[in-house]
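This report looks at the packing of one helix, the internal cavities and a single loop residue. Please keep the structure open while reading.

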Amino acid sequence: MRAPFSHRQKTGQRGSILIIVLWVSFGLVSMALYFAHAMSLEMKAADNEAASVEADQAIEGAAIYVSNVLATLQTPNMLPTPDHFRADNVKIGNATFWLIGRDTNDLETSAQGDHPIWGLVDEASKVNLNTATAAMLQNLPQMTANTAAAMFDWGSTNSTTPSTGGAKSETYSALEPPYLCKNARYETVEELRLVFGMNMDFLFGEDANLNGLLDPNENDGMVLPPYDNQDGILDPGLLEYVTTFTRESTIASNGMPRIAVNNVAALTAFIQSNYPSLSPYMAAFGGGAAATGRGGTTGGRTTGPLGRGTTGGRGAATTTSAAAPTSVLQFYVVSGMPETDFQQIEPFLMNPTITGLINVNTATATALSCIPGIGLTMAPQILSYRQSNPPLTPSISWLKTALGSDPVVAAQVGPYVTPYSYQFTADVAAVGHHGRGYRRVKFVFDCSSGTPLIIY
């Protein structure tokens, strides 16, 4: 009678042991799966980290590459086009980089945002916050008089009296949290975020990721930020039109010092020594001679900074007393010098003020509209003329025709414009292998010293 009970007892024990073994096996398998999954995640993380390192190195490589491109420009002081260097899908080992650029001719047209633009960005195509007046800033997109005044006041050294509609520390002290007005030069355009009346929509426009491309969320109305007007045209925002970096060099590309055109004596001596046939054109500024005489020739050899001339026959040299030119453009228009002759000496001339000049060969219509003497009315006309007659070399001479050869307008426009560029932005995006490890860094290169230097 006891045998069946013993059999049942042993069977129950074996069943309990089986359940325990199954639970232990399940635990071991779970632990193995857990560690395998953790190891897989670690491997993916390590792979992503390796891709990130590759992207970082690609960024560094891109900076060196751009520096070399700028150091070996075939045409100095001119924005290099992607025809002369690689700007997209550039391989460095397992990594790839792109230079995110802008086409300033299409920046405000329906074509902008339709496709990516690759290349460098010319800082001289923008308005310098440290040299622009409130009136100039007011012509920027969606700008109000009060916001323009506040922008001007932030960078003005006048620490007490705000401009009409502007803001000084009294206004900023009432904000939450309170802070003071800087009352000093802008160091970066990002400082605009601190200016009274600014907001992100105004600064970034519809280009929330600053890639110059109209992405789906930037053309969907109110569905996803940023809020846009869904018109299929990219509004690049205020940041696209302003800079703090523009400054020209006082040395020409051949190493000779450039001459400020308001220094009539130095300018006359330079022309007489290097281009004597152009000396008579300095007569308009009291620095040259227009020689006339019986039996002689006109426009004879000129000697001395005051233009006391001699001719082949008996004659009397005459000079014209006039104010010194205020800009290179005004010098060209008033002197009456032929375009080909002017372009010979143009690289050696400079405006009295060399900070914040706008390159008329690369500026957008918006930047052009901020220049006194051009404004909102003439800016489209100037841009249209430039597109129809693209300058083959960096020169300002075409602007004379575009402005109608008016010396009064040239006197207004000239102090703010240049045909040269010395600062360039490289907006570098890079990924490592398999498109991982995305990185993006913006560099600003300054070539005004003759050697490209990263200043931002």
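## Packing of helix α3

The buried residues of α3 pack against three helices in this predicted model: α2 (134-137), α4 (169-173) and α5 (200-204). Helix α3 itself covers residues 145-155. Its buried positions include a run of neighbours, Thr147, Ala148, Ala149, Ala150 and Met151. Asp153 and Trp154, further along α3, are buried as well.

## Cavities

Four cavities of 30 Å³ or more are present in the structure. The largest has a volume of about 70 Å³.

Thirteen residues, given here as a count of 13, line this largest cavity. Those nearest its centre are Arg258, Val328, Asn351, Thr418 and Pro419. Strands β11 (349-350) and β13 (417-418) each contribute at least two residues to the lining. By residue class, the lining of the largest cavity consists of eight nonpolar, two polar and three charged residues.

## Ser405 in its loop

Ser405 sits in the loop that connects α11 (398-402) with α12 (407-413). Is Ser405 buried, exposed or partly exposed? Its relative accessibility is 37%, so Ser405 counts as partly exposed, given that the partly exposed class lies between under 20% for buried and over 50% for exposed.

Apart from neighbours within four places in sequence, Ser405 is in contact with Val333 and Lys400. Gln330 lies 75 residues from Ser405 along the chain, and the C-alpha atoms of these two residues are 9.8 Å apart.

How values were computed: Residues are numbered from 1 along each chain as its sequence is written. This is a predicted model: local features need pLDDT of at least 70, side-chain atom pairs count only at pLDDT 80 or more; totals for chains, interfaces and linings use all residues. Side-chain values use heavy atoms; hydrogens and water are left out. Buried means under 20% relative accessible area, exposed over 50%, partly exposed in between (1.4 Å probe, protein chains only). Helices (H or I, at least four residues) and strands (E, at least two) are DSSP runs, numbered from the N terminus. Contact means heavy atoms within 4.5 Å. On a 1 Å grid over the protein atoms alone, a cavity is a set of points where a 1.4 Å probe fits but cannot get out, and a pocket is an open set with protein on both sides within 12 Å along at least five of seven lines; lining residues have an atom within 4 Å of a point. Grid points are joined across faces, edges and corners, and a volume is the space filled by probe spheres set on the points. Ala, Val, Leu, Ile, Met, Phe, Trp, Tyr, Cys and Pro count as nonpolar, Asp, Glu, Lys and Arg as charged, and the others, Gly among them, as polar.
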